[in-house]
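Some labels deserve to be challenged. Take the terms applied to this model and ask what stands behind each.

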Amino acid sequence: MHIIESDITIIGAGLTGLTIAYLLRDKDIKITILEARERLGGRIYTQTNNNDTPLDLGATWFSNQHTEVLELLKQLKLKTFNQHYSTTAIYEPQPNSKHQIVALPQNNEGSYRLVGGTSHLINTLYQHIKPTEVKHNEIVTSITQENALVSIKTNTSIYKSGLVISTLPPNLFDSTITVHPELPKEAKYIMQNTHTWMGDSIKVGLKYSAPFWRENNLSGTIFSNAGPITEFYDHCNYQNNQYALKGFLKSDYFSITKEERLTLITNQLKKYYGDGVKNFTAYEELVWTKEPFTYANYNNSVFPHTNNGHAIYKTPFLDNKLYIAGTETSASYSGKMEGALRSAQYICKLIEELK
Ligand SMILES: Cc1cc2nc3c(=O)[nH]c(=O)nc-3n(C[C@H](O)[C@H](O)[C@H](O)COP(=O)(O)OP(=O)(O)OC[C@H]3O[C@@H](n4cnc5c(N)ncnc54)[C@H](O)[C@@H]3O)c2cc1C
């Protein structure tokens, strides 16, 4: 096994991990980021093939309340645009009721999307940090305190570091990474019972050569209690020359095949828009429960936001050598991209103070 040394090791190259590296980029600190997946971004993933419509299969939207997201996008000179809603939506109140066209309330807040998709933020952050800092396909399995250092074991190597920052959803951290000496029982219990935002979601998208859903003053916005689609939105690109519909399925549909999900989706869309729905040019989906580097089963029933931003995430462990970061640990906007950025800022401040 190779032994690699650095001042700070960050586990995870999602939004939190890359933002921590970005915030520390001028500090003369040797940073290594260990990422289990081949790709960067974690719960941010924009799917594109041959430059066709970018589909955000993870995070998509942000609003004026998400001040840190907007500030970072400004610093990085990334462009945003408004989510297309129009004034009406299709609404299906219950399984056997006929769908209705309802007026959408005027939404002054609005929600924004990123030109090129949210992975564009990830790729831009990556360009601002040294490429050698990120090691792909490195699955961390244990963290051991060794006097002044921590030793971080992966599937291929051992990394020695002055301190280590986890950015994993806390339940995933507790389920997949062993810590020596063991963390306090209360901390482990809280991690096991911290909800992973969107960890059980299913996101799907259909690409089309024309946005037929915009006809007759419809918008592509669907809210259904009949399923499998629960929410759907227009997902055309910023230039308005590549077209898609995209949204969420009920999480119960995780165990059937991709083909079965597609049939159910097109049957549901056909009720609203007619036979044209079958002429999609591509179907894409991401079942997040099947992503071992996002989701781990819980021991108990854990409801959305449970223990998000809990006080145990405020202070480090292992004599100030292990920090638990990530959107779920943020005291505000936890679960969201905004929470990931606030967590990154909090951890950097803490490191600065404890130096
Ligand atoms: C379907 C979906 C829709 C969403 N929609 C929105 C939205 O519209 N707006 C919004 O603001 N937010 C949204 N979110 C939430 C948003 O994606 C997250 O808040 C944010 O991306 C979390 O970033 P993070 O870095 O904290 O965690 P993650 O992105 O989960 O990053 C953790 C990283 O750790 C890596 N990792 C895991 N295990 C290991 C290991 N053992 N060793 C090494 N690396 C490991 C993972 O691969 C990953 O890259 C959505 C999320 C999903 C899944």
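The questions below deal with the domains, their contact and the ligand shell.

Q: What kind of model is this?
A: The model is predicted.

Q: How do you know which residues make up domain 1 and which make up domain 2?
A: The bounds come from an automatic or database domain assignment. Domain 1 takes 1-44 + 120-196 + 291-355, and domain 2 takes 45-117 + 200-290. Over C-alpha atoms, their centres are 30 Å apart.

Q: What makes residues of domain 1 and domain 2 count as in contact?
A: Their C-beta atoms, placed from the backbone, must lie within 7 Å. On that test, 15 residues of domain 1 are in contact with 19 residues of domain 2.

Q: Which helices each supply at least two residues of the side of domain 1 that touches domain 2?
A: α3 (119-128) and α7 (337-354) do. α7 gives the most, with four residues. By class, this side of domain 1 has six nonpolar, four polar and five charged residues.

Q: What makes a residue part of the shell around the ligand?
A: Its C-beta atom, placed from the backbone, lies within 6 Å of the ligand. There are 43 residues around the ligand, and Gly12, Gly14, Gly42, Arg43 and Ala59 come nearest.

Q: Why are Gly12, Gly14 and Gly42 counted as polar?
A: Because the class scheme places Gly among the polar residues. The shell divides into 21 nonpolar, 15 polar and seven charged residues.

Q: Where does the shell around the ligand come from?
A: Each of domain 1 and domain 2 gives at least three residues. α1 (15-23), α4 (170-176) and α7 each supply at least two. The largest share, four residues, is from α7.

How values were computed:
Residues are numbered from 1 along each chain as its sequence is written. This is a predicted model: local features need pLDDT of at least 70, side-chain atom pairs count only at pLDDT 80 or more; totals for chains, interfaces and linings use all residues. Two residues are in contact if their C-beta atoms, placed from the backbone, lie within 7 Å.
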